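Hi,

Here is the structure I promised to pass on. Have a look at it first, and then read my notes below.

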Amino acid sequence: MTSSVIVARQFDDSDQQRQAADLGIWVFLASEILFFGVLFLAYTVTRLHHPEAFATASRQTDVALGSINTGVLLTSSLTMALAVRATKLGVRRAAIVFLCATAMLGLVFVAIKGTEYRHDYVAGLVPGLRFSFAGPHAGGVELFFGLYFLMTGVHVLHMLVGLGVVGTLAMRAARKAFTPEYFTPVELGGLYWHLVDIVWIFLYPLLYLVSRT
Amino acid sequence: MHPRGRFDERVLDRRVHAMSTASVPLRSNYLEAGFSLWSWLSSVDHKRIAVLYAISITLFFFAGGAAATLIRLELVTPAGDLVSAETYNKLFTMHGVIMVWFFLIPSIPSTFGNFLLPLMIGARDLAFPRLNLASWYLYVLGGLFTVGALVAGGVDTGWTFYTPFSTMFSNTHVIAAVTGVFVVGFSSILTGVNFIVTIHRMRAPGMTWFRLPLFVWAMYATSIIFVLATPVLAMTLFLIAIERFFGVGVFDPALGGDPLLFQHLFWFYSHPAVYVMILPAMGVASEIITCFSRKSIFAYRSMAFAVLAIAIIGFVVWGHHMFVSGQSIYAGMVFSILTFLVAIPSAIKVFNWTATLYKGSIRFDAPMLYALGFVGLFTVGGMTGLFLASLALDVHLHDTYFVIAHFHYIMVGGAVMAFLGAVHFWWPKITGRLYSDWWARAAAIVVFVGFNLTFFPQFLLGYLGMPRRYHAYPPEFAVLNVLSSAGAAVLAIGYLLPLVYLAWSLRYGARAGPNPWDAKGLEWLTASPPPVENFTTIPVVTEPPYAYGEAERVHD
């Protein structure tokens with residue numbers, strides 16, 4: 001135990017504190033999975049009711065931008081993992097660089113997603129605001145896009161929270177808050193970032209690739 | 001008793017006294033840690049947050065009770081004369097929403113769980129004290145949304161928010177109400193995360209898993225449900241709000257959606273939520289029955305595993321709410337069998353409580369009266385649950401007063417009785433004061449009589465075919481309805497009595513020592529009320545839980 005770790009009054013030592021935080025984030029992530037699980041179930045059931053409409057609708061999504069975004073997000077997970085590693089090894093400069101890179105890639109993802117949303121709006125594919133798709137299965141297509149905006153929207157909300165977390169971590173790292181003995185916040189932030197990434201790994205094929213064979 | 005035994009006890013007493021007197025002058029108890037309102041609203045002490053929760057859920061309990069009072073008044077006469085059908089719908093919705101989400105679900109976990117969990121496992125606080133305070137603020141915020149919805153004109157969907165009624169037809173404040181429930185759900189999730197981590201990581205030296213009090217096991221099982229079921233409800237209610245707002249008809253058949261999907265998702269949360277209400281009650285009953293039988297719990301391990309089994313099986317029985325919804329008959333059969341399976345661990349618990357009483361030195365103090373009442377009423381509620389789990393019989397009983405009576409036996413006869421038992425058992429620990437035992441016993445008996453008079457007639461009404469959620473009914477149901485309403489009046493008196501004598505005890509009650517019931521468990525080792533840091537020194541656990549018989553035998 002070193003003096004650099006501040007132990008909260010309810011804990012015996014820094015080990016207990018770190019283990020509590022680790023378990024806490026895993027339990028929270030389990031909760032998050034169930035949260036997204038509802039959307040995946042809703043998608044599955046609705047697709048079973050409207051298979052042709054979902055095939056038609058998923059062809060309206062922008063697969064190029066979606067694929068680029070997938071690459072961007074996966075890369076951000078790599079830089080996040082490297083940031084955690086650098087923090088644990090005490091290489092502060094590298095940790096800051098990797099955290100900033102993660103935040104930048106996250107911003108690029110959100111920006112590309114915003115561009116896609118704008119295209120969808122122009123094309124009249126936003127249920128409730130501007131929906132003008134007139135082909136066959138229009139009802140089912142509208143449901144698909146409702147779910148598309150719900151699922152990617154909730155995901156983007158998580159991205160924005162993650163950007164706040166990673167930005168804060170970068171600032172704290174710059175202020176020398178982390179040491180090889182005290183890296184819990186970076187590790188926790190990393191786990192959250194990876195979960196948000198993993199959710200996208202499921203969203204991408206379901207929304208973009210499903211009927212493009 | 002042998003003289004040496006008495007000597008030992010005196011030494012032990014002196015040690016406990018030394019502990020409590022040493023702790024008082026050095027550091028004040030948690031109630032005296034600050035007297036301003038802000039010192040309460042900003043406290044991260046689990047004991048103070050428990051008191052904040054206790055006050056808030058009591059307010060909601062009487063708000064939900066007021067709605068129930070109006071419902072029972074309306075049903076005194078067959079004609080719908082006191083309130084309109086529409087108002088009646090809003091009343092039972094208000095009653096259900098408030099009682100389920102703002103009283104029953106947080107009741108025992110957020111008050112007694114919060115207060116006792118660190119004390120019972122020998123910790124200074126929960127693992128995440130600030131998260132704990134945040135959960136109370138979320139609870140209050142959710143409460144404000146819901147109260148806002150009710151003040152603005154109410155909601156008429158029933159507490160279940162069934163689609164497509166809640167999305168297409170209802171012209172009431174559905175979005176505000178579901179927002180309130182959505183927000184309060186996050187309060188549950190945070191509590192669940194906090195409890196799970198605390199139980200895993202914060203136990204005192206020697207406090208192994210199988211030395212944990214059964215109340216802690218119950219909190220563990222409850223927290224699993226909080227963490228894994230609540231997010232499903234949250235997202236489902238979010239979908240309702242989206243559907244009403246943007247017309248994304250995931251649940252709307254007119255737009256190609258599937259209303260049954262809503263029922264599946266809703267009950268995937270709401271059936272486990274029933275176990276959120278009853279598992280903590282079981283934990284409370286285990287603590288009280290052992291203490292007032294002066295015996296260790298019968299078959300401790302089977303009690304711990306039964307709690308986990310109920311929590312786990314409870315996740316896969318939701319379809320029994322949908323036997324007449326048109327789901328496949330095979331799904332119905334599977335859900336029926338799984339529901340019967342939940343009865344096994346539940347029955348294990350009932351038999352073990354009974355076996356604990358056997359040859360015990362039973363004392364009928366007020367907490368014990370509530371605990372015994374709990375066991376009896378829970379048994380009736382559980383057994384009638386098996387009636388409803390039977391596919392064919394459910395077709396007859398579905399949506400009748402039989403269902404109402406069944407779940408009130410579980411939630412009111414079970415959960416509320418146990419809640420009151422917990423209030424009376426741990427009141428001396430929480431406040432440091434003793435209440436009037438005579439009045440407390442009287443109130444327990446009034447509650448028991450009033451409860452049965454209110455809800456037993458509803459079994460008969462349901463069996464005879466009276467449907468739920470109607471404000472008027474045929475005259476032949478009048479006698480049983482009048483009986484039920486009369487019982488509700490008795491029950492209301494039983495619920496109001498504790499407010500009086502418990503408030504009285506705060507000022508005039510005798511000081512309780514650290515352990516007025518001579519109970520086992522770490523929470524009784526520390527002063528009443530406990531010091532801010534819970535224990536002057538963290539205890540080391542060397543004996544199994546509920547070592548009532550053993551310790552007394554050692555002294556003989």
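**What I found**

Starting with chain B: residues 24 or more positions apart make up 85% of its contacts with a separation of 6 or more. Keep in mind that this is a predicted model, so everything here is computed from it.

Chain B contains 17 helices and zero strands. Its radius of gyration is 24 Å, close to the 24 Å that the globule rule gives for 556 residues, so chain B is as compact as a globular protein of that length. If you lay the C-alpha trace of chain B along its principal axes, it spans about 80 × 45 × 45 Å. As for burial, 56% of the 556 residues of chain B count as buried.

I also picked out one residue in chain B to look at. Met94(B) sits in helix α4, which covers residues 85-121 of that chain. Is Met94(B) buried or exposed? It is buried, because 26 other C-beta atoms lie within 10 Å, and the cut-off for calling a residue buried is 20 or more. Setting aside its neighbours within four places in sequence, Met94(B) is in contact with Ala67(B), Leu150(B) and Gly154(B). For a sense of distance, Gly113(B) is 19 residues away from Met94(B) along the chain, and their C-alpha atoms are separated by 26 Å.

**Chain A**

Now to the partner chain. Chain A has six helices and two strands, and along the sequence they come in the order α-α-α-α-β-β-α-α. The C-alpha trace of chain A spans about 70 × 30 × 30 Å along its principal axes. Of its 213 residues, 41% count as buried. Of the contacts in chain A with a separation of 6 or more, 76% are between residues 24 or more positions apart.

**Where the chains meet**

How many residues of each chain are in contact with the other? On chain A there are 29, and they are in contact with 32 residues of chain B. On the chain A side, α1 (14-49) and α5 (138-174) each supply at least two of the residues that touch chain B. The helix that gives the most to this side is α1(A), with 18 residues. Sorted by class, the side of chain A that touches chain B has 15 nonpolar, 13 polar and one charged residues.

If you open the model, α1(A) is a good place to begin, as it gives the most to the side of chain A that touches chain B.

Cheers

Technical notes: Residues are numbered from 1 along each chain as its sequence is written. Chains are lettered from A and ligands numbered from 1 in the order in which they are written. This is a predicted model: local features need pLDDT of at least 70, side-chain atom pairs count only at pLDDT 80 or more; totals for chains, interfaces and linings use all residues. Helices (H or I, at least four residues) and strands (E, at least two) are DSSP runs, numbered from the N terminus. The radius of gyration is taken over C-alpha atoms; the globule rule is 2.2 Å times the number of residues to the power 0.38. A residue is buried if 20 or more other C-beta atoms lie within 10 Å of its own, exposed if 12 or fewer, and partly exposed in between; C-beta atoms are placed from the backbone. Two residues are in contact if their C-beta atoms, placed from the backbone, lie within 7 Å. Ala, Val, Leu, Ile, Met, Phe, Trp, Tyr, Cys and Pro count as nonpolar, Asp, Glu, Lys and Arg as charged, and the others, Gly among them, as polar.
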